[in-house]
Amino acid sequence: MNSSQHSMMKTTLIIVLCLAIAAIALGFRPNPTVTLALIMKVIPDVSKRIGSSDWSAAGKSDQLAAGDQVKTGKSALAVLKFLDKSIVRLREQSQVTIGSDAAGKFTKVVQLNGGAVGFDIKKQTNEQFRFTSPTSVASIRGTKGKWSGGQGNDTLVVTEGLVNLKNDVSKKEIDVPAGYIGFSGQDGSLSSRPATPQELADADNAATGGSPNELNLEMRDSNGNKKDLKIKFKQ
Amino acid sequence: MTPLAICTTIFRPQGVLLTLAALLAFSSLTRTQPSDRVSRVVANPVQQKEPLTIQADLINPAVVERVALAYRQFGQRDYKKLEMAVTGNTASATIPGSEVVPPFIEYYVLVFSEGSADSATYPPINPEIQPLKAEVREATISNDLIAVISPEENERLKSDDVLISFIVRMDSLVDATATHIKVDGNDVSKHLVENGSLFTLRPENAGLTLSGGSHSIQVEIYARDGKELGNYTWTFSVLGGVQAFAGTSAGWLYSSSVQLETRNESIGSETTPYNRATVAGSGTYGEYRVNGKIHITNEEKDSRQPQHRFFLGAESPWLKLGVGDAYPVFPDLIMTGRRVRGFTGNLTLGVFGLDVASGQLLRQIEGDTIKTFGGGTYSRNLLVIHPRFGKKENSYLGFTLLKSKDDISSIRYGVKPQENLVLGTDFALSFLHRTVEITGQAAASATNKDITNGTFSDADIDSVFKEYSESNRNNIRKARDILSRFITVNEHLIPLAAKNLPTLSYQGAVALNISDNAFTFTYLRHGNSFESFGQSVIRPDVVGYSVSDRVRLVQNTLFLSGGFERLQDNTAETKATTTTSTTANADISYSSHTDFPSMSVGYIHAANMNDYPIDSLSQKYSRVKTDDQTNRVFVQLSRPFEYYGRHHATFSVSTSSRDDRTPRNFDMRSTSVSLGAISAYTIPLQTFVNLSVISNSYIAVDSVRQDTVFRRDVATAYTMLSLHGEYHLAEDRVRITGTLSPMFGDVDLRRTLVGGGLQYFFTKKVSALTELNLYLNGNRDNDIIWSLILRVDV
């Protein structure tokens with residue numbers, strides 16, 4: 001290789017290297033989309049609070065951004081779907097605040113103010129998903145389970161995957177694997193144990209929206225009228 | 001899109017947005033350059049990463065043995081080759097989407113006639129230096145055009161829970177308001193709610209009642225200039241008892257066509273008639289599909305490979321089966337583009353997949369011992385099996401076995417029947433939503449160049465290896481016993497030695513698709529004796545790498561790209577010297593949204609060099625010695641405008657200069673200037689006008705005697721003018737086309753094409769088309785091609 005070829009090759013490699021660095025620098029940036037989640041389902045008493053506005057009735061296809069809140073009344077249910085397809089199901093008498101945190105990795109945050117949520121969180125790539133309460137932080141990476149509490153003592157049941165649970169009072173951390181239940185107390189305590197079958201079934205029901213002992217059938221007559229048929233059975 | 005469809009689209013009231021796309025498609029239909037072998041080449045403009053299909057209409061296909069497509073990306077020095085599938089007088093090949101990158105793909109067509117090792121090319125003059133170009137548009141949105149949020153692909157949910165939502169990877173070129181959505185074929189776009197890049201639709205707001213069973217959603221995305229950027233279709237199922245009560249089914253959806261063609265070609269003093277019939281049909285029942293095709297032609301002869309074509313296939317979501325002529329696709333080191341007559345199948349069971357092809361690669365042709373004394377062609381059978389673990393579109397690991405063997409008993413008079421065995425593996429790894437993609441494949445071949453006498457007997461081994469010790473001969477016998485289960489083992493087996501792994505080939509690539517960037521690193525090594533009977537056009541004896549990056553800036557209006565490639569030959573170290581080829585390229589493109597023209601400027605520097613010594617005159621003029629550098633610059637401007645219709649004008653200049661630094665001093669310079677416009681007028685008339693001026697200069701050596709070199713400067717220049725028009729009348733029942741394409745200048749192929757066509761639609765689905773093309777060849781006989789096509793669609 002003569003000197004001119006060597007020089008040309010060197011110059012080209014420098015240009016390509018610069019382009020690659022620019023590519024990486026420009027590429028890993030968070031999506032500036034404002035909307036974080038959609039309300040997929042409301043049964044029947046579900047309210048939303050957009051920003052600092054008053055509470056109002058929530059409906060299917062409502063969009064939620066950082067700071068927005070959703071709460072459910074008695075015997076109510078709300079299903080939220082994030083744009084990464086993660087699903088959070090609010091059980092009755094629950095309240096959450098949707099948030100995001102762009103410091104470091106882009107993070108979606110669901111703050112539980114009270115009640116319980118089931119979750120089916122898709123595996124996060126260059127983002128994070130986090131449940132918080134005044135007491136605890138649960139960092140999720142592709143898993144299912146149930147998160148309840150929000151008013152001092154929190155409970156986490158994991159049915160699939162692994163969750164890192166941190167107590168903000170004591171700063172202790174533990175990993176809660178599938179089949180386990182974790183407890184985080186406002187006194188700083190943090191522990192876990194194998195979950196009972198009932199606890200796991202309840203968490204799975206909360207996460208997936210179905211009951212392992214219940215079959216839902218939608219019926220329609222010749223006039224087009226629809227009725228739901230629920231069949232409960234024992235295993 | 002057929003010309004009729006283009007015209008119909010343009011003159012619909014709402015067709016304005018689609019006019020430009022139609023114009024671009026129209027331009028692809030009218031690339032006409034006088035040639036003895038190819039009358040027309042069609043390459044519709046595509047978006048990057050979309051497969052690019054190139055179709056060539058052949059002249060006198062009766063004497064064509066095979067057709068190949070040579071292509072390369074911008075910035076690449078060497079052309080890759082693909083075998084083109086030939087049916088009737090049409091040859092076509094598809095360049096994989098992974099190789100289709102902006103700003104264009106350069107290509108030319110090679111036509112091999114029977115009994116000739118040389119090929120004719122299209123374009124006929126300097127195809128490597130002045131190839132054809134297929135425009136590749138920038139992907140204005142990232143690879144994942146649409147991200148579906150709900151309902152997800154194949155999701156099963158209750159009808160009340162259906163909320164359609166998706167995200168479009170929006171950028172400045174996307175016209176969000178033009179987004180279309182169809183649910184079960186019903187256009188419900190006006191009920192679509194847009195919020196930035198997020199779109200939602202509540203079926204109840206659109207009056208949709210989703211009964212139990214499968215439903216489909218189709219989303220179409222458009223650019224601000226009306227071009228369709230892409231579409232995505234997915235299905236979901238509604239649960240519940242409704243399905244059982246309603247029992248609804250769309251039933252069979254089917255389509256079919258019959259085409260009869262008679263064609264007469266008078267080329268020089270020879271006249272060849274062609275009579276062809278094609279019947280095709282397909283039927284769909286839910287997720288199941290059957291399709292079939294029969295093509296009958298009078299070109300079918302025992303002395304040629306099959307010209308008839310037939311195929312019958314059936315598909316379900318997890319199984320595809322086919323019988324007949326097929327072009328199965330396997331890892332491209334092993335098999336792409338070859339026709340197989342037999343069985344093809346694909347099985348997909350979750351993360352397991354299996355691709356199989358089995359049948360006849362070549363038909364037997366008896367050797368001629370009377371007229372030409374030519375050796376015949378053995379019947380060559382082939383079996384390819386490719387199990388795959390993982391999902392093809394994401395990450396997977398696959399293995400391939402190819403076994404192919406000539407049937408010795410198929411003919412009486414043949415020479416050197418052969419056998420081929422290839423084992424390979426391929427994989428793809430995809431991370432971070434395909435932000436990082438790693439692909440690779442490797443294959444090793446064994447070829448026996450003459451299996452006439454079969455596998456070595458013990459006596460043969462004793463005779464051939466008589467200088468070896470008895471224990472070594474025993475080892476050879478053991479190796480023979482094992483290997484002969486897979487391939488005939490004798491002295492014609494390649495490889496006989498493992499030094500430098502001459503029959504091993506591998507290649508891999510790492511692609512980073514990060515937001516506005518596309519970075520690719522590729523490494524390849526093809527052994528000089530690697531051979532697969534399923535792949536006839538792979539380049540052997542090359543090793544090297546390439547890197548390229550393409551960055552989109554300023555809201556996708558400015559594109560920068562750069563690349564570097566370094567390749568070497570002599571992988572087996574059997575040549576006198578190793579030649580190194582390096583290519584560096586840079587390109588800047590501006591995509592205008594205003595009256596300012598879109599622009600593209602590119603530069604390529606290519607060098608080839610080896611250290612072959614020059615000690616004698618014969619070495620001075622030996623072609624083995626290589627030391628040259630080529631600089632190439634091109635500029636292209638394009639701009640749409642309106643004047644009694646819509647027009648798209650393009651002006652381009654390309655110049656290249658090669659400096660040969662060897663004593664041969666074969667310098668070369670080439671320049672082309674082209675100005676063209678495609679137009680759709682307010683009357684139902686479309687035209688294509690193009691003027692190209694091309695000049696080449698080079699040095700030719702007539703002879704070398706003692707120390708005197710007899711050389712001369714050669715300069716050629718020619719001008720091509722292409723005029724093409726298409727006019728519709730009688731409410732689109734009649735379509736008239738006309739072409740005038742003279743070629744002026746000091747070239748032997750000076751000729752003028754005068755052509756015309758008339759298509760009449762008896763009904764929307766029954767039409768007749770006749771075309772007449774005259775090639776006025778100056779001092780030679782003129783050529784005449786006439787055809788009549790009757791077509792019925794059902």
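Q: Over how many bridges do strand S11 of chain A and strand S14 (residues 162-167) of chain A pair?
A: Strands are DSSP runs of E with at least two residues, helices are runs of H or I with at least four, and both are numbered from the N terminus. Two strands count as paired if DSSP finds at least two bridges between them. In this antiparallel pair, Ser136(A) stands opposite Asn167(A) in S14(A). The bridges between S11(A) and S14(A) number 5.

Q: What kind of model do these values come from?
A: Residues are numbered from 1 along each chain as its sequence is written, while chains are lettered from A and ligands numbered from 1 in the order in which they are written. Local features need pLDDT of at least 70, side-chain atom pairs count only at pLDDT 80 or more, and totals for chains, interfaces and linings use all residues, since this is a model that is predicted.

Q: Which strand does a hairpin join to S11(A) through 3 residues?
A: The partner pairs with S11(A) in the antiparallel sense over 4 bridges. Across this pairing, Phe131(A) stands opposite Ala138(A). The 3-residue hairpin leads into S11(A) from S10(A).

Q: Which side chains along strand S11 (residues 136-140) of chain A point to the buried face?
A: In a regular strand the side chains alternate between the two faces of the sheet. A residue is buried if 20 or more other C-beta atoms lie within 10 Å of its own, exposed if 12 or fewer, and partly exposed in between, with C-beta atoms placed from the backbone. Val137(A) and Ser139(A) point to one face and are not buried; on the other face, the buried side chains are Ser136(A), Ala138(A) and Ile140(A).

Q: Which residues touch the most other members of the largest nonpolar core?
A: A nonpolar core is a set of buried Ala, Val, Leu, Ile, Met, Phe, Trp, Tyr and Cys residues joined through C-beta atoms within 7 Å. The largest one has 66 residues. Those that touch the most other members are Ala78(A), Leu80(A), Val117(A) and Leu156(A).

Q: Which residues does Leu80(A) touch, not counting residues up to four places away in sequence?
A: Two residues are in contact if their C-beta atoms, placed from the backbone, lie within 7 Å. With that sequence limit, Leu80(A) touches Ala37(A), Ile39(A), Met40(A), Leu64(A), Val70(A) and Val88(A).

Q: How many residues are in the other core, which includes Val67(B)?
A: This core lies apart from the largest one, and its members include Val100(B), Val101(B) and Ala134(B) as well. Its residue count is 35.

Q: Is Asp68(A) buried or exposed?
A: Asp68(A) is found in the loop between strand S4 (63-65) and strand S5 (69-72) of chain A. Among the residues that Asp68(A) touches are Lys48(A), Arg49(A), Gly51(A) and Ile98(A); Gly51(A) is 17 residues away in sequence, with a C-alpha to C-alpha distance of 5.2 Å. Because 22 other C-beta atoms lie within 10 Å, Asp68(A) is buried.

Q: How far does helix H2 (residues 197-208) of chain A reach from its first C-alpha to its last?
A: The expected span of a helix is 1.5 Å times one less than its number of residues. Buried residues of H2(A) include Leu200(A), Asp202(A) and Ala203(A), and just after the helix Gly209(A) takes a positive phi of about 85 degrees. H2(A) has 12 residues, is expected to reach 16 Å, and comes close to that at 16 Å.

Q: How many residues of H5(B) are buried?
A: Helix H5 (residues 470-483) of chain B has 14 residues that should span 20 Å, in agreement with end C-alpha atoms 20 Å apart. The helix lies largely in the open, because the number of buried residues is 0.

Q: What is the strand order of the open sheet of 5 strands in chain B?
A: Its edge strands, S11 (156-157) and S14 (186-187) of chain B, each pair on one side only. Inside the sheet, S17 (residues 213-222) and S18 (residues 228-238) of chain B pair in the antiparallel sense over 10 bridges, with Tyr222(B) opposite Glu228(B). Pairing in the sheet is mixed, and the order is S11-S18-S17-S13-S14.

Q: Which strand of chain B runs parallel to strand S2 (residues 46-47) of chain B, joined to it by 2 bridges?
A: Val46(B) stands opposite Val136(B) in the partner. The partner also pairs in the antiparallel sense with S7 (residues 104-113) of chain B, over 4 bridges. The strand parallel to S2(B) is S9(B).

Q: What percentage of the residues of chain B count as buried?
A: Chain B has 6 helices and 45 strands. Of its 794 residues, the buried part is 32%.
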